[in-house]
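Student: Could we go through this structure together, one question at a time, starting with the ligands and then turning to the protein around them?

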Amino acid sequence: MRHYYSLFTIPPVVRGEEDLYNLYCGSAGFLPPTCFNWHCPKLHLSPYFPRFHLSYFPSLPELWLVLMGTVLDAATKDANGSLLTDKKVTVVFVLGGPGSGKGTQCANIVEHYGYTHLSAGDLLRAEIKSGSENGTMIQNMIKEGKIVPSEVTIKLLQRAMNESGNDKFLIDGFPRNEENRAAFELVTGMEPTFVLFFDCLEEEMERRLLSRNQGREDDNIETIRKRFRVYMESSLPVIEYYNSKGKVRKIDAAKPVEEVFEAVKEVFAPSNAEVMHYRNFLCSIL
Ligand SMILES: Nc1ncnc2c1ncn2[C@@H]1O[C@H](COP(=O)(O)OP(=O)(O)O)[C@@H](O)[C@H]1O
Ligand SMILES: O=c1ccn([C@@H]2O[C@H](COP(=O)(O)OP(=O)(O)O)[C@@H](O)[C@H]2O)c(=O)[nH]1
């Protein structure tokens with residue numbers, strides 16, 4: 001199967017080279033030459049389009065990465081009607097251990113602040129139910145508490161973002177490791193405005209998961225322990241990465257639901273006292 005891609009916003013100097021507009025790739029998972037040296041390894045900065053920055057996942061030939069809004073997958077645009085590259089999008093990552101209360105608080109945030117809640121776990125579970133070709137693989141990964149390959153999760157997230165029509169997203173339970181994080185930023189060109197981090201002790205999270213009662217295959221003590229290990233080893237480094245960039249808003253998630261939400265509200269709509277504090281600070285340095 002062939003996939004065609006359209007390029008636009010091409011600098012006038014290369015507009016004459018029509019062949020360059022029709023990139024195509026075969027199902028073999030690499031790009032044949034189109035013209036000149038247009039081969040795209042994983043990351044490629046073309047000498048002919050210095051503003052272009054293309055990436056490519058060999059396992060997903062249809063997933064062309066569009067950075068800087070210069071290259072567009074025309075087929076995706078037609079299918080989705082709207083393109084996130086056209087809008088200014090706000091993304092908040094909601095992270096924390098399994099059972100820390102991410103989903104519970106996201107529901108509150110949606111109600112008060114007009115975000116669209118995208119739970120990566122829910123999207124993966126829906127994919128299993130839909131009978132997709134990846135379903136069995138995803139199911140096995142979830143049963144083992146392992147992290148599903150980035151390209152699968154990112155594709156689901158992108159589709160859900162495009163379909164939502166919104167421009168404000170709470171991405172819950174993703175990115176779960178450094179590779180998830182880097183791939184998301186690369187594929188979408190988006191960075192989170194901030195990261196909401198629900199901090200909770202393992203014993204409390206374990207208690208909550210064991211009484212969650214949603215019929216989830218991974219809410220059993222054996223898988224829960226595996227999920228905790230993956231969280232400590234792979235997900236905490238992502239939180240540390242964003243912390244080093246000053247983007248983490250840490251919430252004490254061990255408190256009752258209502259109290260946790262009070263703290264969440266302070267992040268989304270700082271109280272007057274805090275606004276005044278910053279106002280005074282700005283006045284003092286101006
Ligand atoms: N602050 C809280 N105190 C007590 N139980 C909570 C709290 N927040 C969530 N829960 C319960 O704990 C379980 C896990 O919460 P959930 O929001 O599904 O966590 P996560 O999305 O982080 O896995 C659910 O049964 C939920 O009702
Ligand atoms: O980006 C994601 C999100 C979830 N999962 C898988 O889905 C499971 C459940 O994740 P979810 O966020 O729904 O629940 P939580 O573990 O936070 O309670 C995880 O253990 C992973 O196996 C994944 O692989 N990638």
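**Ligands, cores and single residues**

Tutor: In this predicted model, 21 residues surround ligand 2, and the closest are Lys-102, Arg-125, Lys-146, Val-148 and Arg-227.

Student: Which backbone has a polar atom 2.7 Å from an oxygen atom of ligand 2?

Tutor: Side chains also come into play here, since a polar side-chain atom of Lys-102 lies 2.8 Å from an oxygen atom of ligand 2, and an N or O atom in the side chain of Arg-212 is 3.3 Å from an oxygen atom of ligand 2. The backbone atom at 2.7 Å from an oxygen atom of the ligand belongs to Val-148.

Student: How much of the area that ligand 2 exposes when taken alone does the protein bury?

Tutor: The shell around ligand 2 has 8 nonpolar, 5 polar and 8 charged residues. Taken alone, ligand 2 exposes 510 Å², and the share of this area that the protein buries is 97%.

Student: Which element gives the largest share of the shell around ligand 2?

Tutor: Two helices, H3 (120-129) and H4 (135-143), each supply at least two residues of that shell. The largest share amounts to 4 residues, and the element they come from is H3.

Student: Turning to ligand 1, which residue offers a polar side-chain atom 2.5 Å from one of its oxygen atoms?

Tutor: There are 14 residues around ligand 1, of which Lys-102, Gly-103, Thr-104, Arg-212 and Lys-255 come nearest. A polar side-chain atom of Arg-212 lies 2.8 Å from an oxygen atom of ligand 1, while a polar backbone atom of Lys-255 is 2.8 Å from a nitrogen atom of this ligand. The side chain with a polar atom at 2.5 Å from an oxygen atom of ligand 1 is that of Thr-104.

Student: What percentage of the area of ligand 1, taken alone, is buried by the protein?

Tutor: The elements that give two or more residues to the shell around ligand 1 are helix H2 (102-113) and helix H9 (257-268), and the largest share, 3 residues, comes from H2. By class, the residues of this shell divide into 4 nonpolar, 6 polar and 4 charged. Ligand 1 taken alone exposes 560 Å², and the part of it that the protein buries is 76%.

Student: Is Glu-144 buried, partly exposed or exposed?

Tutor: Glu-144 is found in the loop between H4 and helix H5 (150-164). Because its relative accessibility is 35%, and the class between 20% and 50% is the intermediate one, Glu-144 counts as partly exposed.

Student: With which side chain does the side chain of Glu-144 make a polar contact?

Tutor: Leaving out residues up to four places away in sequence, Glu-144 touches Thr-223 and Lys-226. Thr-223 is 79 residues from Glu-144 in sequence, yet their C-alpha atoms are 6.1 Å apart in space. The polar contact, at 2.8 Å, is with the side chain of Lys-226.

Student: Which element gives the largest share of the largest nonpolar core?

Tutor: That core has 25 residues, and those with the most contacts inside it are Val-91, Phe-93, Met-161, Ile-171, Phe-174, Phe-184 and Ile-239. Among the elements that give two or more residues to this core are strand E6 (90-96), helix H6 (178-188) and helix H8 (221-244). The largest share, 5 residues, comes from H8.

Student: Why does Ser-119 count as buried?

Tutor: Ser-119 lies in strand E7 (residues 116-119), where a polar atom of its side chain is 3.0 Å from the backbone nitrogen of Asp-122. Not counting residues up to four places away in sequence, Ser-119 touches Arg-125 and Asp-172. Buried means under 20% relative accessible area, and Ser-119 is buried because its value is 10%.

Student: Which peptide bond is cis?

Tutor: Most peptide bonds are trans. The cis bond has omega near 5° and leads into Pro-175, whose place is in the loop between E8 and H6; it is the bond from Phe-174 to Pro-175.

Student: What is the phi of Asn-213?

Tutor: Most residues other than glycine have a negative phi. Asn-213 lies in the loop between helix H7 (202-210) and H8, and counts as exposed because its relative accessibility is 76%. Although Asn-213 is not a glycine, its phi is positive, at about 60°.

Notes:
Residues numbered from 1 in each chain as written. Chains lettered and ligands numbered in written order. Predicted model: local features only at pLDDT ≥ 70, side-chain atom pairs only at ≥ 80, totals over all residues. Heavy atoms only, no water. Near = heavy atom within 4 Å. Polar contact = N/O pair within 3.5 Å; in protein donor to acceptor, adjacent residues only side chain to side chain. Areas by Shrake-Rupley, 256 points an atom, 1.4 Å probe, with all protein chains shown as cover. Nonpolar A, V, L, I, M, F, W, Y, C, P; charged D, E, K, R; others polar. Buried < 20%, exposed > 50% of the residue type's maximum accessible area, 1.4 Å probe, protein only. Contact = heavy atoms within 4.5 Å. Core = buried A, V, L, I, M, F, W, Y, C linked by side-chain atoms within 4.5 Å.
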